[in-house]
Every structure is written in structure tokens, then in C-alpha cells.
Amino acid sequence: MKNGTETNLPSKLRIVALGGVDEIGKNMYVFEYEDDIIVVDCGSIFPKEDMLGVDLVIPDVSYLVAKKRNVRGYLLTHGHEDHIGAIPYILRQVPAPMFGTKLTLALVDLKMKEHRLSGAQMHVVQPRDNVQLGKFTVQFIHVSHSIAGACALAITCPAGTVIHSGDFKVDYTPVDGEVIDLQTLAMYGESGVMALLCESTNVERAGFTITEAKVGETFDNVFREAKGRVIVAMFASNIHRMQMVIDNAIKYGRRVCFIGRSMVNVSRVAMEIGELRIPEGYLVDVDSIDQYDDQELLVLTTGSQGEPMAGLTRMAYAEHRKLQIRPSDLVVISATPIPGNEKFISRVINQLYRCGAQVVYSAMAEVHVSGHACQEELKLMHALTKPKYFIPIHGEYRMLWQHAELAERMGMDNRNIVIPEAGQVVEMTSDTLELGEQVPTGGIMVDGLGVGDVGNVVLRDRKHLSEDGLIIVVMAINRDEARLVSGPDIISRGFIYVRENEDIIDETRGVVRQILMDSDLNGEYWPDLKNMIKDELHRFIFEKIKRNPMILPIILDV
């Protein structure tokens with residue numbers, strides 16, 4: 001709503017993070033000016049360890065659903081899952097056009113087809129292109145990252161200009177030769193930037209991020225010395241590194257084979273749009289790899305995080321239908337563990353060694369570098385853009401705090417820095433910076449085809465079942481004659497092995513019989529009877545063996 005003053009001052013720009021703060025993932029940032037809303041990124045996040053059975057977590061977009069008529073578009077900084085993974089779910093609730101670079105939208109289109117969604121409006125942009133969405137003008141600015149087509153955004157409205165860094169690093173020798181567009185960032189800094197929203201992933205690391213070219217040197221050595229097959233596990237979305245690995249393989253006369261659903265799909269899409277180039281005759285299908293000698297093959301596969309169903313894991317445990325690990329293989333894991341995945345990767349590495357393979361991973365050689373800016377690169381972003389206000393994003397709370405301190409050390413007034421909470425509205429003009437209301441936010445859990453139908457109660461039950469098991473008590477009662485017809489039968493799942501603990505099962509059955517004998521089976525309200533059985537069995541079992549299984553009484557009326 002406009003200020004009712006004679007000077008006709010511009011309205012406040014409202015910014016709210018629906019995800020991507022106090023966490024690494026689930027990035028989603030809402031920019032609102034008067035009746036116009038644009039959304040930057042729409043990402044998912046891996047479930048936490050206590051989210052048993054959950055596939056992924058997406059942002060709660062209740063705030064956008066209530067204002068979906070005002071949403072002018074989604075602006076996608078790049079194609080990683082933590083920036084586009086929620087699109088198929090959220091676009092159903094809040095449809096709007098999507099804008100991004102060629103590879104980003106190709107990956108989005110792939111996801112849409114997997115979810116059998118059609119009709120989405122997707123507009124391919126080039127770096128330095130401008131997009132007009134209501135009162136917002138957005139320019140895409142090329143940055144270096146671990147995926148092609150990554151961009152920062154310059155978002156301009158009547159209140160001022162905001163720079164959203166996206167995920168970036170400053171790499172002066174990138175694989176594709178396209179260095180970060182520091183010139184455009186500096187131009188905005190000279191003309192005046194009201195606020196900077198900047199990623200904080202690597203703020204704890206001093207210095208600069210190592211260039212991707214260093215990884216290229218490592219792979220050159222790998223292919224020069226390898227005598228058998230070379231198997232490289234990596235993120236399918238890292239097209240630049242994929243191209244670098246393929247170039248080195250071809251240099252030493254190897255054919256290329258892709259294994260793993262996402263690796264096959266992403267590489268196909270990347271080749272179709274020209275982002276990945278493999279000379280004719282060098283790409284082979286998995287069904288034909290036996291036609292080549294081991295020293296003629298490079299296998300690119302999924303599984304760099306030790307995922308149970310990924311290609312590398314299945315090869316290591318001899319569960320892959322076409323390829324198993326041999327003692328002559330050289331396996332390279334070109335990634336670092338995402339926090340929480342360390343134990344899964346360790347298991348796979350141990351198994352690879354059991355198979356006799358030679359294994360190279362990040363602890364041994366420079367086979368992976370981060371795609372995120374370290375402290376000196378973050379300082380460069382601040383120095384070039386010269387923002388009046390600063391909002392650290394894309395990081396856990398300690399990272400956001402340290403990034404705020406970094407900005408303060410560079411001379412920014414701490415009154416102009418906001419460490420955002422998820423759902424906290426930040427309101428600003430060129431002269432004011434204030435906190436607004438808290439909007440609904442949080443994580444929506446996706447389990448299979450179910451979205452949001454798994455909540456805290458379901459997770460609590462899953463945790464209870466996983467830790468203590470289940471006892472099912474089945475009995476048939478004739479209500480009219482007030483007598484037990486059959487049972488009680490005791491079924492145990494994940495609690496005890498019945499054949500070796502028949503005494504406990506018999507005693508449990510006896511406890512239930514005693515409850516039934518003491519009850520009025522004709523007039524008893526059966527939900528009360530079930531609760532009585534639960535309470536007595538909980539007490540008996542805990543006193544007996546100090547366990548607390550879930551107890552499910554089933555009463556049949558016959």
C-alpha cells in the first residue's frame with residue numbers, strides 16, 4: 001500500500017525467506033512490492049535422520065497460496081535440487097511463469113515430465129538479459145558455480161535495487177571459460193545497491209575456493225596411470241566437471257558410459273542443449289561395455305553420497321545387473337559428503353576396498369572442489385556491490401551470524417544487517433530497514449506420492465515402531481453373549497522373536513485374558529477396553545523386560 005504523503009514516497013519492499021535460512025537447502029525467497037510478488041528459487045532439502053521414510057522436504061507456501069494472483073514469476077538462479085527440487089509440487093499450488101538459463105530450465109522440464117506435468121510456462125534467458133515482472137525488473141548476472149548456467153540476480157523496483165548472489169564462487173579459470181561477471185556487479189555497486197542477499201555456505205573457510213582446473217589436473221593423472229576401468233561417481237548436475245572428466249578420458253582413448261537414472265537423464269538433456277559434448281563414437285551403452293577392454297572404458301555413475309539405490313553402491317555390493325566392481329578397477333568419488341551422509345559413503349568405500357578396487361576420494365586427492373565462495377570471495381562480492389543493507393542467506397544459523405560479522409568488519413553498520421529467521425518479513429526502503437510480521441513457514445514432507453500427509457504424529461509412530469517394535473493383540477468377542485469366542489492371539493513384529501520367547505507371549509496373553517474376565521463384555525465401551533489393554537500391557541512388558549513397544553489391540557465382534 002502506498003504511503004499517503006504529498007511526496008509520494010515509494011512503498012516498502014518486503015522480503016521473506018520461506019526456506020534457505022538456518023539450513024542449507026530448501027531455498028525460496030519472496031520479494032513483494034505493492035501488488036507484485038516474484039519468487040527466487042524453489043528448492044527442496046534432504047530429510048533429517050529422524051524423518052523416517054520421508055523422501056524430501058519442500059517449503060510451506062501457505063503465504064503464497066493466499067496471494068497467488070499476485071505472483072508474477074519464479075526466477076531460478078541455477079539447477080541444483082536445493083533450488084529447483086520443489087517446483088513440481090509447488091507449481092500445482094501457485095502457478096506462474098519460470099525464468100532461468102538453458103540448462104536450469106532443461107532440468108526443470110525433466111522434473112516436470114517425471115511428474116507428468118505439462119503446460120508450465122518456461123522462459124529461457126541469457127546472462128545480462130532483463131525480465132520485467134510487474135513493478136520488478138530483474139537482470140540475470142553470470143556467476144561461477146558447480147553447475148552451468150548459474151546466475152546472480154539484480155532485482156530492481158521503485159524502492160531500490162537488491163542483489164541476490166545465488167550460489168557462486170570466483171573462479172578465474174573455469175572449465176567453460178566463462179568467468180564470473182564482476183563488471184556488471186561493480187556497475188550496480190556504483191549506481192547504488194539498497195540490499196545484498198548473499199550465500200553463506202563457505203563463510204567459515206578462509207581464503208579462496210580452489211579453481212575447478214585443479215581437479216582437471218588430478219583427473220589427468222588418474223587416466224594416465226589407470227590400467228583398468230575408471231569409474232567416477234559424482235553429482236549428475238555438475239556438467240562442467242563431467243565434461244572435464246570426459247575430455248580427459250577421450251585424451252587417453254577411453255569410451256564413456258553413463259550409469260544411474262539421474263546420470264543418464266541429465267547427461268542426455270545436457271547433450272541435447274549443447275552443454276555437454278561427446279565426440280561421435282565415444283559414447284557407449286551399458287549393454288555393450290563387455291565389447292571393450294577395461295583400459296578403454298570410463299564409467300560415470302551416481303552414488304557419490306553412498307545412496308543405497310545409486311549406481312556405485314549397487315556395483316560395490318554386486319547388485320547391479322550389468323556391472324560389478326573388479327580388483328583392476330580404479331574408482332574415483334568426486335564429491336565431499338553432504339553433512340549426515342558420511343557414514344553411508346564410508347560403508348561404500350570400505351566395500352569397494354573389499355572388492356579389491358583402488359579408490360580415490362577427497363581425503364586422498366583433489367578430486368572435488370566446492371562451488372561456493374570462501375571468505376575472500378564473499379568480501380569481493382560485498383566490496384563490488386557496496387550495499388546499504390545486508391541479509392545473509394543460504395546457511396545454518398552460525399554461518400549467517402559469521403557472515404554478518406564479516407560484513408561488519410568490512411565497515412557496515414550493524415543496524416543495517418538483518419539475520420533472518422524463516423518466515424520473518426524484512427521491510428525496507430532506501431532510508432529504513434524494519435522487521436515485519438511472521439508468515440506461515442516450515443517444511444512439508446514428501447513421502448512417495450503423498451505431499452504433506454506425513455506429520456509429527458506419523459513420524460513419532462514410525463520412530464516408536466523402529467525403536468521398540470509392535471505387538472498386535474487380536475481377539476473375537478460375542479457382545480450379545482458377553483463371551484470371548486477366540487484369542488487373544490499375540491502377533492509380534494520387531495519386538496521379540498516369538499519362538500524363542502514363548503513364555504513372555506503366554507504371560508502377555510494371560511494379562512489380556514484377565515482384563516477380559518474382569519470386564520463387562522456386554523456393556524463395555526470397546527475403545528475404553530482397548531485403552532485398558534494398552535495400559536496394562538505397557539506396564540507389564542516394561543516391568544518384565546524394560547521395553548516399550550507399540551501395542552495395537554484389535555477386537556472382532558462375532
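What share of the 558 residues of the protein chain count as buried? In this predicted model, the figure is 53%. The chain is built from 15 helices and 25 strands, and its C-alpha trace extends over about 90 × 80 × 45 Å along the principal axes. Contacts that link distant parts of the sequence are well represented: among those between residues at least 6 apart in sequence, 70% join residues at least 24 apart.

A helix pair offers a good place to look at the packing in detail. Helix α6, covering residues 212–225, packs against helix α7, covering residues 239–251, with the two axes 9 Å apart and at an angle of about 30 degrees. Angles under 35 degrees count as roughly parallel, and α6 and α7 are therefore roughly parallel to each other. Their crossing is right-handed. On the α6 side, the contact is made by E212, V215, G216, F219, D220 and F223, while α7 contributes R241, M244, V245, N248, A249 and K251. Sorted by class, the residues of this contact comprise six nonpolar, two polar and four charged ones.

Attention now turns to a strand residue. V360 lies in strand β17, which runs over residues 358–360. Is V360 buried or exposed? Its relative accessible area is 11%, and buried means under 20%, so V360 is buried. Once neighbours within four places in sequence are set aside, the contacts of V360 are with L330, V331, V332, I333, A365 and V367. For orientation relative to the helix pair, Q243 makes a handy reference point: V360 and Q243 are separated by 117 residues in sequence and by 19 Å in space, C-alpha to C-alpha.

Aromatic side chains complete the picture. How many aromatic pairs does the structure hold? There are two. In the pair formed by Y397 and W401, the ring centres are 6.5 Å apart and the planes meet at 35 degrees, so the pair is tilted. Both residues belong to helix α12, which spans residues 397–409, and because they are four residues apart there, about one helical turn separates Y397 from W401. As for solvent accessibility, Y397 is partly exposed, with a relative accessible area of 32%. W401 is also partly exposed, and its relative accessible area is 46%. Partly exposed here covers the range between the 20% and 50% cut-offs, so the values of 32% for Y397 and 46% for W401 place each ring-bearing residue in that class.

Terms used: Residues numbered from 1 in each chain as written. Heavy atoms only, no water. Axes fitted to C-alpha atoms, helices over the stretch in contact; angles between N-to-C directions. Helix = DSSP H or I, 4+ residues; strand = E, 2+ residues; numbered from the N terminus. Parallel < 35°, antiparallel > 145°, perpendicular 65-115°, else oblique. Left-handed = near helix turned anticlockwise from the far one by under 90°. Contact = heavy atoms within 4.5 Å. Nonpolar A, V, L, I, M, F, W, Y, C, P; charged D, E, K, R; others polar. Buried < 20%, exposed > 50% of the residue type's maximum accessible area, 1.4 Å probe, protein only. Phe/Tyr/Trp six-rings, centres within 6.5 Å; stacked < 30°, edge-to-face > 60°.
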